[in-house]
Amino acid sequence: TPQALEKVVDRLLDSPRYGEHWGRRWLDVVRYSDTTGDPSDFPVPEMYRYRNYVIRSIQQDKPFNQFIREQIAGDLLPHKDTEDRAEKLTATGYLANARRFGQADGEFYLTIDDTIENLGKTVLGLSTGCARCHDHKFDPVPTKDYYALAGIFKSTKYAHAGLEHHQYVEGFSALKPEDQERLDKQQARLIDAYKIVKKGDGKDEKAPLEQRVKFLEATNEVARLRQNWPDIPMIYAVHDADPVNANIMVKGDPKILGAEVPRGFLQILGGPTVPADYKGSGRDLLAQWLTDAKNPLTARVIVNRLWLWHFGRGLVNTPNDFGKRGEAPTHPELLDYLTSRFVESGWSWKAIHKQIVLTRAYAASSAFNEADAAKDPKNEYYSHFDRRRLTAEELRDSMLLASAELDLVPGGPHPFPPRAGYVFTQHHPFVADLDTYGHNKRSVYLIQQRFRPNPYLDLFDGADANNATAARVANTTALQALYMMNDAFVESRAAALAARVSVVEETAASRLRLAYNLLYDRAPTPAETKLGMDYLQAARRETGALASWTGLMRVLFSANEFFYLD
């Protein structure tokens with residue numbers, strides 16, 4: 001019927017897989033990580049809650065303006081019930097997930113800098129971070145505006161998962177409100193005892209008896225609290241601290257302070273300020289300013305990202321930089337049109353997705369056409385669809401799906417050791433053992449580390465957990481080919497696929513036909529069938545029947561046709 005394609009699109013938009021696929025894209029730009037990024041790279045066992053919040057919100061098509069407001073100020077927004085409170089607190093994991101630096105808390109201004117830089121790139125498409133040291137060289141972001149934002153985040157308490165010289169947790173929120181008071185007391189006791197131990201007075205046997213007793217009591221208290229940490233589900237979130245304004249750090253140096261700057265927003269976007277008598281940090285006001293209908297950037301930036309994620313390049317081909325140094329839009333009227341439709345739809349991702357994928361441009365073939373290439377050599381006018389390599393996650397998930405091993409149950413927490421069991425330092429940082437932290441779930445649920453990225457995801461150009469990854473590059477390297485030929489993961493998937501086709505089909509030709517259908521969505525050509533049969537016959541004599549089929553499946557996994565989307 002004429003509505004057949006639209007029905008397929010609606011079915012895919014409703015699929016539970018939709019939130020997982022597009023949620024990973026958002027996690028790219030907010031530089032999601034399950035570790036803090038300090039020299040010890042402390043794990044954050046609760047960070048999975050934010051990951052699942054993102055997937056859930058996108059699956060439910062939460063209005064994007066609300067999605068942004070919750071991540072900036074979810075703890076300050078009204079909530080309907082306990083579940084809604086937990087949801088909004090979890091959303092602020094976006095801020096809590098800002099990278100930590102150093103080994104103590106003296107460099108926290110760098111975490112605020114990371115927050116401002118990511119917020120600018122991700123939501124506004126502006127590189128605001130360089131204004132920490134001087135007025136922006138190209139865009140209208142003066143130093144004063146940077147510190148107006150810095151004051152808002154300086155008035156915010158970020159949850160603390162641990163540093164080498166601060167081996168305690170602080171500022172976590174309880175999942176259930178009735179547990180918050182007990183959790184706060186436990187965190188305070190641990191901090192007080194740890195500070196005494198860290199100070200070290202009484203550690204020396206020659207110290208006064210009173211100091212030695214106090215030190216020993218504090219040491220025992222730290223050990224006892226760690227071993228008997230209450231079973232309180234926690235959220236890695238932020239909440240308001242005492243409101244303060246930030247002073248300009250001259251040339252970015254925290255030791256040379258200049259004038260105090262009232263908290264507020266960018267002047268080029270209206271420049272509202274937080275009232276002097278305002279009770280809170282002003283994050284709730286910032287969330288309103290970011291999503292104000294009069295703000296020309298927020299909606300355009302995300303619409304441009306959605307276009308990029310479909311076509312491989314944006315209408316503005318510098319998605320993190322809409323400023324002077326960024327590229328001008330190739331189709332400004334189209335960007336305006338889609339942005340208007342996006343806002344009119346109630347800031348719906350699914351509405352704009354549907355509009356994009358029902359276009360002629362999206363339906364275009366990626367097959368080479370000489371006439372199109374002559375008229376549109378750079379494909380600026382979308383005369384054809386650029387061939388696209390699968391992302392690292394898509395490639396891994398497709399192998400698991402083909403071998404019938406993909407576990408579609410959503411991922412939960414990672415198997416981190418209990419907090420009582422670890423003390424990480426710069427020389428002994430946390431490193432995730434992939435055998436322990438591996439699984440057959442979708443790749444969006446794999447552990448993400450800042451200092452030690454997953455080697456597979458890194459090899460196939462996965463997102464950088466330290467920066468806003470606007471677009472996935474598609475490098476082609478010899479190591480990728482070697483991985484497909486030799487890695488144990490690929491070997492296991494190939495063996496499982498060989499077993500799958502052997503169980504379903506009786507003859508070698510029908511097994512090969514099923515494998516081609518599973519991997520390439522087509523039947524093999526006569527030449528491919530002969531090539532496959534010849535290989536199986538030769539390999540069977542050397543390795544046996546099952547091993548020969550496993551080898552053939554590994555070769556089919558390695559083909560460009562499996563790697564690339566036509």
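A residue is counted as buried when its relative accessible area is under 20%. In the predicted model described here, Thr 143 has a relative accessibility of 10% and therefore counts as buried. Thr 143 belongs to helix α8. Leaving aside residues up to four places away in sequence, Thr 143 touches Ala 131, Arg 132, Cys 133, His 134, Asp 135 and Ile 248.

The helix that contains Thr 143 was examined next. Helix α8 comprises the 12 residues 143-154, which should span 16 Å at 1.5 Å a residue. The C-alpha atoms at the ends of α8 are 16 Å apart, so the span in the model agrees with the expected one. Helix α8 is mostly covered, with 10 of its 12 residues buried. Alongside Thr 143, the buried residues of α8 are Asp 145, Tyr 146, Tyr 147, Ala 148, Leu 149, Ala 150, Gly 151, Ile 152 and Phe 153. The surroundings of these buried residues include both helices and strands: they pack against the helices α6 (93-96), α7 (108-124) and α11 (283-290), and against the strands β1 (156-158), β5 (246-249) and β6 (257-261).

Two pairs of helices were examined for the geometry of their packing. In one pair, helix α2 (residues 16-29) and helix α3 (residues 48-59) have axes that come within 8 Å and cross at roughly 120 degrees. Because of this angle, α2 is classed as oblique to α3. The crossing of α2 past α3 is right-handed. On the side of α2, the contact is made by Pro 16, Arg 17, Tyr 18, Gly 19, Glu 20, Trp 22, Gly 23, Trp 26 and Leu 27. On the side of α3, the contact is made by Tyr 50, Arg 51, Val 54, Ile 55, Ile 58 and Gln 59. Sorted by class, this contact of α2 with α3 has nine nonpolar, three polar and three charged residues.

The other pair consists of helix α21 (residues 488-504) and helix α22 (residues 508-520), which pack at an angle of about 125 degrees with their axes 9 Å apart. This angle makes α21 oblique to α22. The crossing of α21 and α22 is right-handed. Here Leu 497, Arg 500, Val 501, Ser 502 and Val 504 of α21 meet Arg 511, Leu 514, Ala 515, Leu 518 and Leu 519 of α22. The contact of α21 with α22 has seven nonpolar residues, one polar residue and two charged residues.

Attention then turned to individual residues in loops. Asn 379 lies in the loop between α16 (370-375) and β7 (388-389). Although Asn 379 is not a glycine, its phi is positive, at about 55 degrees. With a relative accessible area of 2%, Asn 379 is buried. Tyr 382 is likewise found in the loop between α16 and β7. Tyr 382 is not a glycine either, and has a positive phi of about 55 degrees. The relative accessibility of Tyr 382 is 4%, and Tyr 382 therefore counts as buried.

Phe 368 is located in the loop between α15 (360-363) and α16. At 69% relative accessibility, Phe 368 counts as exposed, the cut-off for this class being over 50%. Phe 368 and His 384 are 16 residues apart in sequence, and their C-alpha atoms are 8.0 Å apart in space.

Methods. Residues numbered from 1 in each chain as written. Predicted model: local features only at pLDDT ≥ 70, side-chain atom pairs only at ≥ 80, totals over all residues. Heavy atoms only, no water. Helix = DSSP H or I, 4+ residues; strand = E, 2+ residues; numbered from the N terminus. Buried < 20%, exposed > 50% of the residue type's maximum accessible area, 1.4 Å probe, protein only. Expected span 1.5 Å × (residues − 1). Contact = heavy atoms within 4.5 Å. Axes fitted to C-alpha atoms, helices over the stretch in contact; angles between N-to-C directions. Parallel < 35°, antiparallel > 145°, perpendicular 65-115°, else oblique. Left-handed = near helix turned anticlockwise from the far one by under 90°. Nonpolar A, V, L, I, M, F, W, Y, C, P; charged D, E, K, R; others polar.
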